[in-house]
Amino acid sequence: MAQHELIMPKMGESIMEATILNWVKNVGDQVDVDDTIVEIATDKVDSEVPSPVSGTITKLFFEINDTVEIGKVIALIATEGEAPAPAAASESNGQTVNAPKNEAKEPAVIPQTSQVATSPKDSPAPQAIAEGTRFYSPLVKSIAQQENIPMAELETIKGSGAKGRVTKKDILAYVQNRGNKQVVEKTAASLPTVSKPTIATSGSDEIIEMDRMRKLIADHMVMSKQTSPHVTSFIEVDVTDIVNWRNKVKGPFQEKHQQKITFTPIFIEAVAKAIGDFPMINISVDGNNIIVKKNINIGMATALPSGNLIVPVIKNADQLNLVGLTKQVNGLANQARNNKLKPSDIQEGTFTITNVGTFGNVMGTPIINQPQVAILAVGAIRKKPAVVETEYGDLIAVRQLMFMSLSYDHRVVDGALGGSFLKRVGDYLEAFDPNRTI
């Protein structure tokens, strides 16, 4: 029986590497088809890699916290009928591992802590790169060599990957915005040095290290504020008809569709309609180019039990009816809370909604989810006295009111577009049909 090679799977179009979080199975363990062998993490989401065959784990090529490029062999599985043969032992995952019977057919594996072999055309670059203080993948090194980026300059690029590693996306973005080196150096030299503030601690203070996801969120938020000049507009919306309609139909809706109806699908429906009216909200910026997205993929910020946030994406939201949106919202929210999201579930978003009202907040100023250019925050719905226009004149009545805020990238979205889009979302919500059937 041949050995089966378990490779690092492709986790998404823009993801080139993943970090090993935990080996669920070790050398000598029996596995069945679809048994989880290893837990991995990308810059986007944590995932599990299942076994495609039944057999015995014979070798693990990487250790916990190693970052591995997609397509590389990470383990060998001997299928049923083939047992691992005694051979020279090697260290993997902190334990002694017997090499498989057919040593000649094993792929050559180079530990990440050693020098990485490259093709002849890349041979000059690794020596220069190897002197750096960070690990760089062969792909990043190759791009650096092609763009004549020296080691000193490469070391200044902020990495968004695991442990601050520079990814393909990071270096391509740097190349895109790279200006004249002399001008950059002159500007940098003229800037004052900013030191981190000194924080005093006492014996009663507790120091908690950020987990991996919190570090990624922190880096992403800082990057967004540095990339986009944020402007936020606010409106107040009367959602009385929506509240009354939901109270009336939530029981029959769940009985008919086996789904709980919340306000989120209704908000997403209104946003998708408004994006159709104002497509220049549904864009991204690439250097001096504006990319207008044809698909309307709406992300919804979701709180995890850990307190962190993740943004699953509803693809082609404008093509779904309210029932379809409800199923998508509930399904993605449940997967997020149970850490079952796939990398594809959080990719390709073109616009994001965050519900700060969930925490009792009446409004917020959200940070744009790059590379998008706008994000909508909906606040808590509260009963308030309001002026209502009737055929008999203006009256004071108790209404269900909600604040909405839109943060947008002022490089490409001006106040007229941002304000008009936000008003259109509010108009769609206030025009909701209270007699709508389910």
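Me: How many bridges join strand E6 to strand E8, and in which sense do the two run?
Reply: In this predicted model, E8 covers residues 73-79 and E6 covers residues 55-60. One bridge pair is Leu 60 of E6 with Ala 75 of E8. The two strands run antiparallel, and the number of bridges joining them is five.

Me: Over how many bridges does E6 pair with E3?
Reply: E3 takes in residues 30-31. Val 31 has Gly 55 of E6 as its bridge partner. The pairing of E3 and E6 is antiparallel, and the count is two bridges.

Me: What is the strand order of the open sheet, and which strands are at its edges?
Reply: Four strands form this open sheet, with antiparallel pairing. Their order is E1-E8-E6-E3. An edge strand here pairs on one side only, and the strands that do so are E1 (3-7) and E3 (30-31).

Me: Is E6 largely enclosed or left open by the rest of the structure, and how many of its residues are buried?
Reply: A residue is called buried when its relative accessible area is under 20%. Thr 58 belongs to E6, and its 1% relative accessibility therefore counts as buried. E6 is largely enclosed by the rest of the structure because the number of its residues that are buried is six of the six.

Me: Which side chain makes a polar contact with that of Thr 58?
Reply: Thr 58 is located in strand E6 and is buried, at 1% relative accessibility. Its side chain is joined by a polar contact of 3.3 Å to the side chain of Gln 3.

Me: What distance does helix H8 reach from its first C-alpha to its last?
Reply: H8 spans residues 264-277, which is 14 residues. At 1.5 Å a residue, 20 Å is expected, and the model comes close to this. The reach of H8 is 20 Å.

Me: How many residues of H8 are buried?
Reply: The buried set includes Pro 265, Ile 266, Phe 267 and Glu 269. Further along, Ala 274 and Ile 275 are also among the buried residues. The helix is largely enclosed by the rest of the structure, because the buried count is 10 of the 14.

Me: Which element gives the most residues to the largest nonpolar core?
Reply: That core has 57 residues, and Val 271, Phe 351, Leu 376, Met 404, Phe 421, Val 425 and Leu 429 touch the most other members. With eight residues, the element that gives the most to this core is H8. A second, separate core has 21 residues, among them Ile 20, Trp 23, Val 53 and Phe 62. For the largest core, then, the name is H8.

Me: Which residue caps the N-terminal end of helix H9?
Reply: H9 comprises residues 322-337 and reaches 22 Å, close to the 22 Å expected for its 16 residues. At its N-terminal end, a side-chain oxygen lies 3.2 Å from the backbone nitrogen of Val 323. That oxygen belongs to the capping residue, Asn 321.

Me: Which helices are included in what covers the buried residues of H9?
Reply: Leu 322, Val 323, Leu 325 and Val 329 are among the buried residues of H9. Their cover includes strands E14 (298-300), E15 (302-303), E16 (309-310) and E17 (313-314). It also includes the helices H7 (240-257) and H8.

Me: Is Gln 347 buried or exposed, and what is its relative accessible area?
Reply: Gln 347 sits in the loop between H9 and E18. Its C-alpha is 6.7 Å from that of Val 313, although 34 residues separate the two along the chain. The cut-off for buried is under 20%, so Gln 347 is buried, with a relative accessible area of 11%.

Me: What is the C-alpha separation of Asn 361 and Phe 403?
Reply: Asn 361 lies in the loop between E18 (351-355) and E19 (374-378), and is partly exposed at 37% relative accessible area. Leaving aside neighbours within four places in sequence, Asn 361 is in contact with Val 356, Gly 379 and Ala 380. Phe 403 is 42 residues away along the chain, and the C-alpha separation is 9.7 Å.

Key: Residues numbered from 1 in each chain as written. Predicted model: local features only at pLDDT ≥ 70, side-chain atom pairs only at ≥ 80, totals over all residues. Heavy atoms only, no water. Pairing = 2+ DSSP bridges. Buried < 20%, exposed > 50% of the residue type's maximum accessible area, 1.4 Å probe, protein only. Polar contact = N/O pair within 3.5 Å; in protein donor to acceptor, adjacent residues only side chain to side chain. Expected span 1.5 Å × (residues − 1). Contact = heavy atoms within 4.5 Å. Core = buried A, V, L, I, M, F, W, Y, C linked by side-chain atoms within 4.5 Å.
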